[in-house]
Amino acid sequence: MVEGADSSLTTDREQKLPAYGRAGIAEVWIVNLVNLTIEIYREPHFNGYGAKTILCAGDQARPLAFLDVAVDLSELLKP
């Protein structure tokens, strides 16, 4: 699941993440357009997610479903 967030950042974190965790969605990425970062949430549970990683331009992310794929965040987070 990928969410793009600027003005919806609080809603995405406080309302959507717990719902996604309860639904058992294995991984959620929030593209934080305010800070130009990507927040990756993994390890779903009833209240949300157990693991959170924040990446920025220059980093690479690997989706759990496609570990052989590397996403270059410099391309994704161009201002």
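What radius of gyration would a compact globule of 79 residues have, and what does the protein have? The globule value is near 12 Å, and the protein has 12 Å, so the two agree. Bear in mind that this is a predicted model.

**Overall picture**

Taken along the principal axes, the C-alpha atoms fill a box of roughly 35 × 30 × 15 Å. Of the 79 residues, 33% count as buried. The protein exposes about 4,800 Å², and 54% of that comes from carbon and sulfur atoms. As for contacts with a separation of 6 or more, 34% of them are between residues 24 or more positions apart.

On the charge side, there are 7 positive and 11 negative side chains. The centres of those two sets lie 2 Å apart.

**How the chain is laid out**

You'll find two helices and six strands here. Going along the sequence, they come in the pattern β-α-β-β-β-β-β-α.

Strands S2, S3 and S4 are linked through two hairpins, one made by S2 and S3 and one by S3 and S4. Here they are side by side:

| Pair | Residues | Sense | Bridges |
|---|---|---|---|
| S2 and S3 | 27–32 and 37–45 | antiparallel | six |
| S3 and S4 | 37–45 and 48–56 | antiparallel | eight |

Let's take the S2 and S3 hairpin to start with. Four residues sit between its strands. Which residue in that turn has a positive phi? That's Leu 36, with a phi of about 55°. In the paired part, Val 31 stands opposite Ile 38 in S3.

Now for the other hairpin. S3 and S4 have two residues between them. Tyr 41 has Lys 52 in S4 as its bridge partner. Strand S3 thus takes part in both pairings, with six bridges to S2 and eight to S4.

**A look at Asp 72**

Further along the chain, Asp 72 is found in strand S6, which covers residues 71–72. Is Asp 72 buried, exposed or partly exposed? Its relative accessibility is 34%, so it counts as partly exposed, because that class lies between the 20% and 50% cut-offs.

Which residues does Asp 72 touch, once those up to four places away in sequence are set aside? They are Asp 59 and Gln 60. The C-alpha atom of Gly 58 is 7.1 Å from that of Asp 72, with the two residues 14 apart along the chain.

Conventions:
Residues are numbered from 1 along each chain as its sequence is written. This is a predicted model: local features need pLDDT of at least 70, side-chain atom pairs count only at pLDDT 80 or more; totals for chains, interfaces and linings use all residues. Side-chain values use heavy atoms; hydrogens and water are left out. The radius of gyration is taken over C-alpha atoms; the globule rule is 2.2 Å times the number of residues to the power 0.38. Buried means under 20% relative accessible area, exposed over 50%, partly exposed in between (1.4 Å probe, protein chains only). Contact means heavy atoms within 4.5 Å. Accessible areas come from the Shrake-Rupley method with a 1.4 Å probe; for residues, only the protein chains shown count as cover. Lys and Arg count as positive and Asp and Glu as negative; His and the chain ends are not counted. The place of a charge is taken as NZ of Lys, CZ of Arg, CG of Asp or CD of Glu. Two strands pair if DSSP finds at least two bridges between them.
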